[in-house]
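Student: I should like to test the terms used for this model against their criteria. Please display the model, and let us proceed term by term.

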Amino acid sequence: MPKIKKVQTPQNYEKPIRVAAYARVSSGKDAMLHSLSAQVSYYSDLIQKHPGWFYAGVYTDEAVTGTKEDRENFQRLIADCKAGKIDMVITKSISRFARNTVTLLETVRELKNMSIDVFFEEQNIHTMSNEGELMLTILASYAQEESRSVSENCKWRIRKNFEEGKANTFSLYGYEKINGEIRIKEDEAEVVREIFNLYLSGIGTTKIAKILRQKKIPSPKGSEWSSTKIRATLRNEKYIGDMLLQKVYTKDHLCKKTVPNNGVLPKYYVEDTHPAIISKEDFEKVQKLFSERSSNTGKIRYDYDLKGIVFCGCCGHRYRRKKNYKKYVWRCGAYSLNGLEACSSKQIPDSILHDLAVNCEKEIEKIIILPENNVQFIFTDKTEIIKHWVQPSRADSWTDEMKDKARKQTIERIMRNAENN
Ligand SMILES: [Zn+2]
């Protein structure tokens, strides 16, 4: 951690300065509201008792769960600053003032241009001081880390629930939730059964959607039945009373974007969590038919989860997934195009890379294929790890010591290369 010095109050104000405070609490709970009113009285006291300060108000926002918030009173505070009503703003901490570094710095700079000082109590920083902005930049990145760790905790909780077989939400056509219990909704369940029966009788998904539209059967969430919706219904294991958990996960802690989990994180299959609408036999028949029909058309869309994030440690080119005889392998794109002359890196079996990735149990940002069967994983939390793998046939003959040695050699080599460059 960088060394941080405390900064003294930057200037002696001659005439009384108008001081406002900004407070924000992060949940709608009663205890939090109490803390909000406590903060209001604390700040109004602090300002009014301070010699040379003129009370310009306390602005508060109550943050509702979730990152997106409009922060109405924060906006009002900024507007009043622009209107020339305020000379200085006091706030508890950097993380309370803004949720990310960019917004924080933008706001602070804007106020600075109007000669308005922002004082962060916890960090003891005045933005109008010489080192103010530099310190703010450093500290803000920590504040962002904090926000990430809250988000990480939350994700961990959900994952823990999943491990114990509890889904965090359940909402599905054919079911309803009554007092937390999942029950079959008979009219909708009848439609689900019909979809499965039609498909088993040889009718395709497009045709089934058409039949349902003609019968004017309302579709889930109001929109029209489409072949995509039919497909999703036929593929959904929840209809046999099971649940595949963590099909999606929250990728980014700032925007709370949800993405499909294609093996980056563990998934959990839980059986008999709720009443079944479709028998397991019928469901399996449908899945079998599905794969037969899609391989017949020859258009299997393979949305591979590692696509685009695997790079060559030798030449920096992207690694691509290719079919080699009957197995998939990852290979440097430069090698594929121009052979050994372009790059001498080795290929790695898809199954191995995939297993290594899944076992990380972390969100992967980038994978670098290193020499001597080493793979570097860089995670979205900016940590990284180097993993060693062995050819499947030789896997048994490798001891942990040998793997460790190989890993160390690779790291040394990388360091040497870095020094030479
Ligand atoms: Zn390469």
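Student: Which residue of β5 is the bridge partner of Phe120?

Tutor: The partner of Phe120 in β5 is Ile125. The model is predicted: local features require pLDDT of at least 70 and side-chain atom pairs pLDDT 80 or more, whereas totals for chains, interfaces and linings use all residues. Residues are numbered from 1 along each chain as its sequence is written, and side-chain values use heavy atoms, with hydrogens and water left out.

Student: What makes β4 and β5 a pair, and in which sense do they run?

Tutor: Pairing requires at least two bridges found by DSSP. β4 and β5 have two bridges in the antiparallel sense, so the criterion of at least two is met. The two strands form a hairpin with four residues between them, and Asn124 in the turn has a positive phi of about 55°.

Student: What places β2 and β5 at the edges of their sheet?

Tutor: The open sheet of five strands is ordered β2-β1-β3-β4-β5, with mixed pairing. Strands β2 (53-62) and β5 (125-126) each pair on one side only, which makes them the edge strands. Strands are DSSP runs of E with at least two residues, helices runs of H or I with at least four, and both are numbered from the N terminus. Residues 125-126 of β5 therefore suffice for a strand, the minimum being two.

Student: How do you know that the pairing in this sheet is mixed?

Tutor: β1 (residues 17-25) and β2 run parallel, joined by eight bridges; one of the matched residue pairs is Ile17 with Trp53 in β2. Strand β3 (residues 88-91) is likewise parallel to β4, over four bridges, and Ile90 stands opposite Phe119 in β4. The antiparallel pair of β4 and β5 supplies the other sense. Strands of a sheet pair through backbone hydrogen bonds, either parallel or antiparallel.

Student: On what grounds are both faces of β4 called covered?

Tutor: In a regular strand the side chains alternate between the two faces of the sheet. Asp117 and Phe119 lie on one side of β4, Val118 and Phe120 on the other, and all are buried. Buried denotes under 20% relative accessible area, exposed over 50%, and partly exposed anything in between (1.4 Å probe, protein chains only).

Student: Why do Ser115, Cys315 and Asp80 receive separate labels?

Tutor: Ser115 has 51% relative accessibility, over the limit of 50%, and so counts as exposed. Cys315, at 36%, falls between the limits and is partly exposed. Asp80 has 13%, under the limit of 20%, and is therefore buried. Ser115 is located in the loop between α4 (101-113) and β4 (117-120), and Asp80 in helix α2 (residues 72-82).

Student: What makes the pair of Asp80 and Tyr59 a polar contact?

Tutor: The term requires N or O atoms within 3.5 Å, one able to donate a hydrogen and the other to accept it; sequence-adjacent residues count only through side-chain atoms on both. The side chains of Asp80 and Tyr59 are 2.6 Å apart, so the distance criterion is satisfied. Beyond its neighbours within four places in sequence, Asp80 is in contact (heavy atoms within 4.5 Å) with Tyr59, Lys85 and Ile86.

Student: How do you know which atoms are the donors of the zinc ion?

Tutor: Donors are N, O and S atoms within 2.8 Å of the metal (3.2 Å for Na, K and Ca), and sites may look incomplete without water. The SG atoms of Cys312, Cys315, Cys332 and Cys343 lie 2.2 to 2.3 Å from the zinc ion, and therefore qualify. Their spacing along the chain is C-x2-C-x16-C-x10-C. Cys312 belongs to strand β12 (residues 310-312) and Cys343 to the loop between α10 (333-338) and β15, so this pair ties together parts 31 residues apart in sequence.

Student: Why is the zinc site called tetrahedral?

Tutor: Four donors are tetrahedral if all angles lie between 85 and 135 degrees. The angles among the four donor atoms are 97 to 117°, so the label applies.

Student: Where does Cys332 stand relative to Tyr319?

Tutor: Cys332, in β14, is the bridge partner of Tyr319. Six bridges join β13 to β14 (residues 327-332) in antiparallel fashion.

Key:
Four donors count as tetrahedral if all angles lie between 85 and 135 degrees; four count as square planar and six as octahedral if opposite donors are over 155 degrees apart and all others between 65 and 115; anything else is irregular.
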